[in-house]
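Me: I'm new to this one and keep tripping over the labels. Could you show it to me and go through what the words rest on?

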Amino acid sequence: MVEKRPVVGSFVLACNTGLGILAKSFYDGGVVDKVFVVDHAKYESHSSWYPDSSVCKSVREFIDCVDILLCFEVPNPSNSLDWSIVSSFKKKGKRVVLMPMYESTPFPIPPELSPDKWIFPSELDSDYYAKAGIIGDTLRVPVDVRPRQRTKVKKFIHNAGSIGSQSLDRNGTNLLIKALPYIKSDVEIVIRSRDFNLKVEDPRVTISTGDVPYEELWEDGDAFIFVESYNGLSLPLQEAYAAGMLVIAGDRFPINTWLPNEFLVEPDGITNYRYVYGNILKADYNEENLAGMIDRANGMDISEYSQKGISWGIRNSWEFLREEYLKVIQK
């Protein structure tokens, strides 16, 4: 007789934000079974993301049918300081697993609400919490994208993201805009943005506003510009690389441990910056260095680079990592 595995549930956003896409990947990957959908303050939820049979209509129903609570960054995306759901699970003797993002997860957590298991999505996160004596499992977030073999760099894509992405220029949007006057090539750059007021006076740049369906995010373009200033997990970088794109990013830990280094922009400096819940390591870059990197990549043959990224994506897919996640969560 096959033993029935515990039911894993999570509070989720169902919109094209980082946390929304992260949670959906864990559901589609077969790790999360039940969800309670929390509305985003600004972006519309996609009812089609989760079938009715997997959606709990009330918190009480969610607590009753879920054995293990898996939290991404915070217990409840609608209120980062609301840990009552964790308290409810613990009172019933149920397990709580937390995947924190060190720059935006409230810390320290009251001992009585501390999770039973920590899963760190990057070495930067695990190092940060280790300094506080917290030990967990470091597991890369699997990728699940449709790869396409790229051969030559003709079009660059940049995701400016949501309002939250503008904090400390996390995605490097302002850096890219400042770099434009220094780019000598006749490049084609598409900036995807949810800020309808974003204006760029450069004929080589197209501003694309509104939501791009997740399954279409990596179909267009040959190179991805995403020179982040902080954080450890960067799902867009992982997805772009796995999709076969050339990736221009910041030369910072832990990105430089798995991305090819030849197109990583070296920071001018790293600042220990006081952020929402503690100190973060913020990288600062020179826009002329980024411009030079874009010029070097434009028109380049990336056939071999693209194939390496696609192979990396296969090795880091849900097919290969699902059982490892289930084993850690249930242990």
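Me: Okay, what makes Arg5 count as buried, exposed or partly exposed?

Reply: Its relative accessibility is 27%. Buried means under 20% relative accessible area, exposed over 50%, and partly exposed in between, with a 1.4 Å probe and protein chains only. So Arg5 is partly exposed.

Reply: A word on the source: this is a predicted model, where local features need pLDDT of at least 70 and side-chain atom pairs count only at pLDDT 80 or more, while totals for chains, interfaces and linings use all residues. Residues are numbered from 1 along each chain as its sequence is written, and side-chain values use heavy atoms, with hydrogens and water left out.

Me: Why is the pair Asp33 and Arg5 called a salt bridge?

Reply: The term asks for a side-chain nitrogen of Lys or Arg within 4 Å of a carboxyl oxygen of Asp or Glu. Here the N to O value is 2.7 Å, so the pair fits. Asp33 sits in the loop between α1 (18-28) and β2 (34-37), and Arg5 in the segment before β1 (8-12), so the bridge ties together parts 28 residues apart in sequence. Those helix and strand names are DSSP runs numbered from the N terminus: helices are H or I with at least four residues, strands E with at least two. By the salt-bridge rule, the count is 11.

Me: How do you know that Lys155 and Glu188 make a salt bridge?

Reply: Their N to O value is 3.8 Å, which meets the rule, so they qualify. Lys155 is in the loop between β6 (137-138) and β7 (156-161), and Glu188 in the loop between α5 (173-179) and β8 (189-193), so parts 33 residues apart in sequence get tied together. Asp220 joins these two in a network of salt bridges.

Me: And which label does each of Lys155 and Glu188 get, buried or partly exposed?

Reply: Lys155 has a relative accessible area of 19%, so buried, whereas Glu188 is at 37%, so partly exposed.

Me: What makes the contact of α6 with α8 five nonpolar, three polar and one charged?

Reply: Contact means heavy atoms within 4.5 Å. Gln238, Tyr241 and Ala242 of α6 meet Tyr305, Lys308, Gly309, Ile310, Trp312 and Gly313 of α8. Ala, Val, Leu, Ile, Met, Phe, Trp, Tyr, Cys and Pro count as nonpolar, Asp, Glu, Lys and Arg as charged, and the others, Gly among them, as polar. So Lys308 is the charged one.
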